[in-house]
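Visitor: Please give me a close look at the disulfides here, if there are any, and at whatever surrounds them. I work with coordinates all day, so keep the cut-offs in.

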Amino acid sequence: MRFGAIVLLAGLALPAAATAQPYDNYPVCLRVYGPVRYDECRYVSIEQCRPSASGIAGQCVVNPWYQPPAGPSARRAQRR
């Protein structure tokens with residue numbers, strides 16, 4: 001009985017595994033409010049998002065997890 005309790009407590013003490021980011025890589029999200037709040041990150045601009053937010057409890061926000069694509073490397077830029 002004690003061994004099982006120790007194993008259970010040891011398992012709970014381990015850090016949780018990292019989870020993948022649930023947001024798509026777009027710069028703007030539609031944040032929808034209601035009984036369940038969620039974000040739809042699939043817009044390239046606030047102006048593109050606004051029609052989707054019209055008439056619902058939501059707003060367009062900048063995606064804080066957006067990672068812009070990498071630009072050309074400094075080495076390629078020097079070759080021009």
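Guide: Let's fix the term first: a disulfide is a pair of cysteine sulfur atoms within 2.5 Å. Keep in mind that this is a predicted model, where local features need pLDDT of at least 70 and side-chain atom pairs count only at pLDDT 80 or more, while totals for chains, interfaces and linings use all residues. Residues are numbered from 1 along each chain as its sequence is written, and side-chain values use heavy atoms, with hydrogens and water left out.

By that rule you get 2 disulfides. Number the bonded cysteines in sequence order and the pairing reads 1-2, 3-4.

To place them, here's the layout. The protein has 3 helices and 3 strands, taken as DSSP runs numbered from the N terminus (helices are H or I, at least four residues; strands are E, at least two). Walk along the sequence and the pattern is α-β-β-α-β-α.

Now the C29 to C41 bond. The two sulfurs of C29 and C41 sit 1.9 Å apart. The torsion about the S-S bond of C29 and C41 is about 100 degrees, so this disulfide is right-handed. With C29 in strand 1 and C41 in strand 2, the pair ties together parts that are 12 residues apart in sequence. As for exposure, C29 is buried at a relative accessible area of 1%, where buried means under 20% relative accessible area, exposed over 50%, and partly exposed in between (1.4 Å probe, protein chains only). C41 counts as buried as well, at 4% relative accessibility.

Over to the other bond, where the sulfur atoms of C49 and C60 are 2.1 Å apart. The torsion about the S-S bond of C49 and C60 is about -90 degrees, so you'd call this one left-handed. C49 belongs to helix 2 and C60 to strand 3 (residues 58–62), so to speak two distant parts of the chain, 11 residues apart, linked by the pair. Both C49 and C60 are buried.

C60 has quite a list of neighbours. Leaving out residues up to four places away in sequence, C60 touches V28, C29, L30, I46, C49, R50 and A53 (contact meaning heavy atoms within 4.5 Å). C29 from the right-handed bond is on that list too.

Some of those names come back in the core. The largest nonpolar core has 7 residues, namely V28, L30, V32, Y43, C49, A53 and C60; such a core is a set of buried Ala, Val, Leu, Ile, Met, Phe, Trp, Tyr and Cys residues joined through side-chain atoms within 4.5 Å. Strand 1 (28–32) and helix 2 (46–53) are the elements that give two or more residues to this core. Strand 1 supplies the largest share, 3 residues. For the protein as a whole, 16% of the 80 residues count as buried.

What about the sheet that the strands build? The 3 strands form an open sheet in the order 2-1-3, with antiparallel pairing; two strands pair if DSSP finds at least two bridges between them. Strand 2 and strand 3 are the edge strands, each pairing on one side only. On average, neighbouring strands are turned by 30 degrees against each other, direction ignored (axes are lines fitted to C-alpha atoms, for helices over the stretch in contact, and angles run from 0 to 180 degrees between N-to-C directions). Strand 1 pairs with strand 3 over 5 bridges in the antiparallel sense, and V28 stands opposite V62 in strand 3. Helix 2 packs on this sheet and touches strand 1, strand 2 and strand 3, its direction making about 165 degrees with that of strand 3.

One more stop, on strand 2 (residues 38–43), where D39 is found. D39 counts as buried at 17% relative accessibility. Its side chain makes polar contacts with the side chains of R31, at 3.0 Å, and R37, at 3.1 Å. Here a polar contact is a pair of N or O atoms within 3.5 Å; within protein, one must be able to donate a hydrogen and the other to accept it, and residues adjacent in sequence count only if both atoms are side-chain atoms.

Finally, a look past strand 3: Q67 sits in the loop between strand 3 and helix 3 (74–79). Q67 is exposed, with a relative accessible area of 54%. The C-alpha atoms of Q67 and P27 are separated by 8.1 Å, though these residues are 40 apart along the chain.
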